[in-house]
Amino acid sequence: MKQTLLLNLNNTETLSNVGKALSAPVRLEILEYLAKSPAIISEIAAAFKLPLSSTALHIRVLESAGLIFVRPIPGSKGSQKLCSIQIDKIQINMFQEEDAALPDYLYRESMPVGSYFDYSVMPSCGMASEQNYLGFEDNISVFVSPCRYKAQLIWLSCGFLEYRFSNIFFKSNSVNRVRFSFEICSEALGYNNDWPSDITISVNTHEIGILHCKGDFGGRKGVLNPDWWYATSSQYGELRTFEITDEACYIDGIQVSRENIYTLGVPYGDYIKFRLESKRDARYCGGFNLFGEKFGDYPQDIVMELYNDEKE
């Protein structure tokens, strides 16, 4: 799933930051390096034989341009910063001329399901990559392992996954709608098409509404599932949407809250917290399966899109 940054000449600050980021050959090489795999700053410094201080400066420039995403992760000597590619396509529509080929959204960010920032899980739980199981099933320790970034399917019976999305595009652009989409179903032993689950959606620590999953779907192979994945396990989910506008919040187009972009603080700070949670005291505590772009029926991870519905 490509992550696209759409710009025009009115995006003065963003254009300037992107131009600065791309003006140094070493930063272009760092982008190419990170395109192959996320890396911590010390690994990048070693790969390019640069001082840590110089590497950190290059990383700040790339992050300020919105080209990479930097997140702290636990390390053997305290917190380390993991850097990953955020944008793999930049499209500049110089004079805002009409172009039917352009997408409606202003900006898109695709978050791999294993790139959560915080979590709490209870068995049954686990994760799988395109090739195999990651760790052991029902072993919670895999949720702190670096191998989680390879996850294409994550399941849990109770708990939450919290992601942090960049809001840098808000700083110099007018946005009045934020749309999240993701493939999800509930979590039962094996699969159970009639196994309801209520999933609480939260943004920036505010609980917004309940996404109701009808079941843990199986009985036929997920369109994208690898051959090794067992037919008796969860196979696919439903593509669900959650939107925040300047007036209200919606799940699958149905209003669930009067909270809005501003009351939730979406344009402020450095990121947007997005949490999916199966609560122990929910009416239906049926857990959830969260599908990546190579599992289930839909070739996407968790996607955030930003819109301005009032633009001409």
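This is a tour of a predicted model, moving from the whole chain to single residues.

**The whole chain.** Begin with all residues shown as a cartoon, where the secondary structure comes to four helices and 17 strands. The radius of gyration is 20 Å, close to the 20 Å that the globule rule gives for 312 residues, so the protein is as compact as a globular protein of that length. If you draw a box along the principal axes, the C-alpha atoms fill roughly 55 × 50 × 35 Å. Colouring by accessibility would mark 51% of the 312 residues as buried, and, among contacts with a separation of 6 or more, 71% are between residues 24 or more positions apart.

**The nonpolar cores.** Next select Val178, Phe242, Ile244, Phe274 and Leu290, which have the most contacts inside the largest nonpolar core, a set of 64 residues. Adding strand β8, residues 153–166, brings in the element that gives the most to this core, with five residues. Then centre the view on Val178 and, leaving aside its neighbours within four places in sequence, look for its contacts, which include Phe170, Ile261, Val266 and Met304; Phe242 and Ile244 are also in contact with Val178, as are Glu243, Glu305 and Leu306. A second, separate core has nine residues, and to find it you can select Trp155, Cys185, Phe291 and Phe295, which are among them.

**Helix α1.** Move to residues 12–22, which form helix α1, and show the side chains of Thr14, Val18 and Ala21, each of them buried. Looking down the axis, you should find that these residues cover an arc of only 60 degrees, which puts them on the same side of α1.

**A hairpin.** Now select strand β13 (residues 249–251) together with strand β14 (residues 254–257), an antiparallel pair joined by three bridges. Within the pair, Tyr250 of β13 stands opposite Gln255 in β14. The two strands form a hairpin with two residues between them, and Asp252, in the turn, has a positive phi of about 50 degrees.

**The cysteines.** Finally, display the cysteine sulfur atoms, bearing in mind that the structure holds zero disulfides. From Cys125 the nearest cysteine sulfur, that of Cys158, is 11 Å away, and Cys125 itself is buried, with a relative accessible area of 0%. Why does Cys213 form no bond with Cys185? The sulfur of Cys213 is 6.9 Å from that of Cys185, the closest cysteine sulfur, and this is too far for a bond. Cys213 is buried as well, with a relative accessible area of 1%.

Terms used:
Residues are numbered from 1 along each chain as its sequence is written. This is a predicted model: local features need pLDDT of at least 70, side-chain atom pairs count only at pLDDT 80 or more; totals for chains, interfaces and linings use all residues. Side-chain values use heavy atoms; hydrogens and water are left out. A nonpolar core is a set of buried Ala, Val, Leu, Ile, Met, Phe, Trp, Tyr and Cys residues joined through side-chain atoms within 4.5 Å. Buried means under 20% relative accessible area, exposed over 50%, partly exposed in between (1.4 Å probe, protein chains only). Contact means heavy atoms within 4.5 Å. Two strands pair if DSSP finds at least two bridges between them. A disulfide is a pair of cysteine sulfur atoms within 2.5 Å. The arc is that of the directions from the helix axis to the C-beta atoms. The radius of gyration is taken over C-alpha atoms; the globule rule is 2.2 Å times the number of residues to the power 0.38.
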